[in-house]
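Take a look at the structure below. The paragraphs that follow walk through its parts one at a time.

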2 protein chains.
Amino acid sequence: MTAEQQADQDEGGPSRSVIDRAFAILGTFQGGRIRQSLSDISRRTGLPIATCYRIVQRLTEWGALERDGESKYRVGLRLWEVASLAPRAVGLQRLARPYIQDLYETTGYASHLAIREGLELVSIERFQSPRRPTRRPLVGGRYPMHATAIGQVLLAHAPEEVQEQVLSGDLEPYTSRTYTDRAVLERVLADIVRTGYAVSDRQIDNVHIGVAAPVRGADGMVIAAVSLALTEKDADGKNMIHLVRLTAASISRALDAAGFDGSNS
Amino acid sequence: MTAEQQADQDEGGPSRSVIDRAFAILGTFQGGRIRQSLSDISRRTGLPIATCYRIVQRLTEWGALERDGESKYRVGLRLWEVASLAPRAVGLQRLARPYIQDLYETTGYASHLAIREGLELVSIERFQSPRRPTRRPLVGGRYPMHATAIGQVLLAHAPEEVQEQVLSGDLEPYTSRTYTDRAVLERVLADIVRTGYAVSDRQIDNVHIGVAAPVRGADGMVIAAVSLALTEKDADGKNMIHLVRLTAASISRALDAAGFDGSNS
């Protein structure tokens, strides 16, 4: 029996532990953790430092990680290149980007495309004024669904069990206006399904009003959402709802034409 | 001795073969190969289909791959999220993006940011007219260096051994104007270093004229390049050179302020 076969037998598969450990290490790069030392990684994975070191070496050889001048590790360009083929993110991004860009250029407001992943939303594309650089990642960031218009749209169209988990979970109050009451949020979600849009008034911070609408794939299922971020002084919210809905409809039409649907999301 | 230890001993490291195989599988997703069946993956990696299947299962469990409705595999959202932390691509992208966007909005021409990786350039950010949707990836694509202005800038500032490999390699003639003569290209590269910009006249296709300039990190080393893609009818090439150089200088200044330098690239 070879070592690999023995590992298979021990682990119920091809060295489950090694692949799982490698991805556990990659998984520690999240939430803005861009650079980590070997001991950071060891601590966060619970793996002994020697094991970490050997796996990190392999990941570095392949280019999934890179080592910088200060002996810290970061996610490598090679991994980024492979990931740039992820169709759920990049396929959607490529089809939807011109519309998000048009919406931004027409209105001057930050335009945003997101999808749901589990109980959170993941930012796929964002256009905003270059005069307002953001510290948040432009894409790839995860955010809760209950406190933004774009998240509420995704939540309103999520499967019942996902809604149940979010509604029965911790509805963190980002501002005094955030929906933290389950019954209120349930009514809001029903309204979003009925009206076809969401408006979130300073629920994630005390400045922005979000307006969002659902994007449907070729099979008619909601697979993404589009939003604009206004501020209170922008009085033309009604018109913005029209623009966001029109943009969402145009993207849905483009996805339909491309046959991009639920099986891609 | 545990199976893992035995594997270590056999492979000179922690189950080198398993991690290497996992990443060999991920590595087959490239060059526009967005969806692959198990037999595609097996053929391209040279791994037996049963081995492929078990490793692909693990990758799918973690979210590095996803399976679509037609039993094909694609790169998963989870990998994309981790990769969105790659500082060499994303850190640079975040700092440089507003400037690339300004350049596009000011001129209306496609604006592009790229870095060198090995003997090729990797596209980091691109702004272009939403009226001209592209089939090429917006980011993450690899291209040769000798046939575009942005590539020539990166090549001109590459280490000598990299230049030597490119110059002594295959200089593919994309058009009749592409530099395929080593001596000519050497003179062009020297000019680029001397003047601080590159102009490439219909060398990658018969339509576009590229204008590019180098971006320097905090340590003064060239770590990226910026370009604009004009067409022949755009007579104000001279002015475009100024704009591209100014943009590259502004990005360099921003990188300097952020302490983003060679150790990040």
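Helix 3 of chain A and helix 4 of chain A are roughly perpendicular to each other, a label for angles of 65 to 115 degrees, where under 35 degrees counts as roughly parallel, over 145 as roughly antiparallel and the rest as oblique. This is a predicted model, in which local features need pLDDT of at least 70, side-chain atom pairs count only at pLDDT 80 or more, and totals for chains, interfaces and linings use all residues. Residues are numbered from 1 along each chain as its sequence is written, chains are lettered from A and ligands numbered from 1 in the order in which they are written, and side-chain values use heavy atoms, without hydrogens and water.

Stay with this helix pair. Helix 3 covers residues 38-45 of chain A, and helix 4 covers residues 49-62. Their packing angle is about 115°, and their axes lie 9 Å apart. Axes here are lines fitted to C-alpha atoms, for helices over the stretch in contact, with angles from 0 to 180 degrees between N-to-C directions. The crossing is right-handed, that is, the near helix is turned clockwise from the far one by less than a right angle; anticlockwise would be left-handed. Which residues meet there? From helix 3 of chain A come L38(A), S39(A), I41(A), S42(A) and T45(A). From helix 4 of chain A come I49(A), C52(A), Y53(A) and V56(A). Contact means heavy atoms within 4.5 Å.

Chain B has a pair to set beside it. Helix 3 (residues 38-45) and helix 4 (residues 49-62) of chain B pack at about 115°, with axes 9 Å apart. They are therefore roughly perpendicular to each other. This crossing is right-handed. C52(B) is among the helix 4 residues that meet helix 3 of chain B.

Now the cysteines. C52(A) counts as buried because its relative accessibility is 0%; buried means under 20% relative accessible area, exposed over 50%, and partly exposed in between (1.4 Å probe, protein chains only). C52(B) is buried at 0% too. The model has zero disulfides over all chains, a disulfide being a pair of cysteine sulfur atoms within 2.5 Å.

Next, the interior. The largest nonpolar core has 110 residues. Such a core is a set of buried Ala, Val, Leu, Ile, Met, Phe, Trp, Tyr and Cys residues joined through side-chain atoms within 4.5 Å. Those with the most contacts inside it are F23(A), L26(A), F23(B) and L26(B). Beyond residues up to four places away in sequence, L26(B) touches F23(A), W62(A) and V82(A) in chain A, and L59(B), A64(B), L65(B) and L79(B) in chain B.

Chain A as a whole has 10 helices and nine strands; these are DSSP runs (helices H or I, at least four residues; strands E, at least two), numbered from the N terminus. Of its 265 residues, 55% count as buried. E117(A) sits in strand 4 (residues 110-117) of chain A. At 19% relative accessibility, E117(A) is buried. Its contacts, leaving out residues up to four places away in sequence, include R142(A), L77(B) and E81(B).

Finish in the strands of chain B. A213(B) lies in strand 7 (residues 208-216) and is buried at 1%. R245(B) is 32 residues away in sequence, yet 5.5 Å away C-alpha to C-alpha. T231(B) belongs to strand 8 (residues 222-231) of chain B. Is T231(B) buried or exposed? At 15% relative accessibility, T231(B) is buried. The C-alpha atoms of T231(B) and H208(B) are 4.8 Å apart, with their positions 23 residues apart along the chain.
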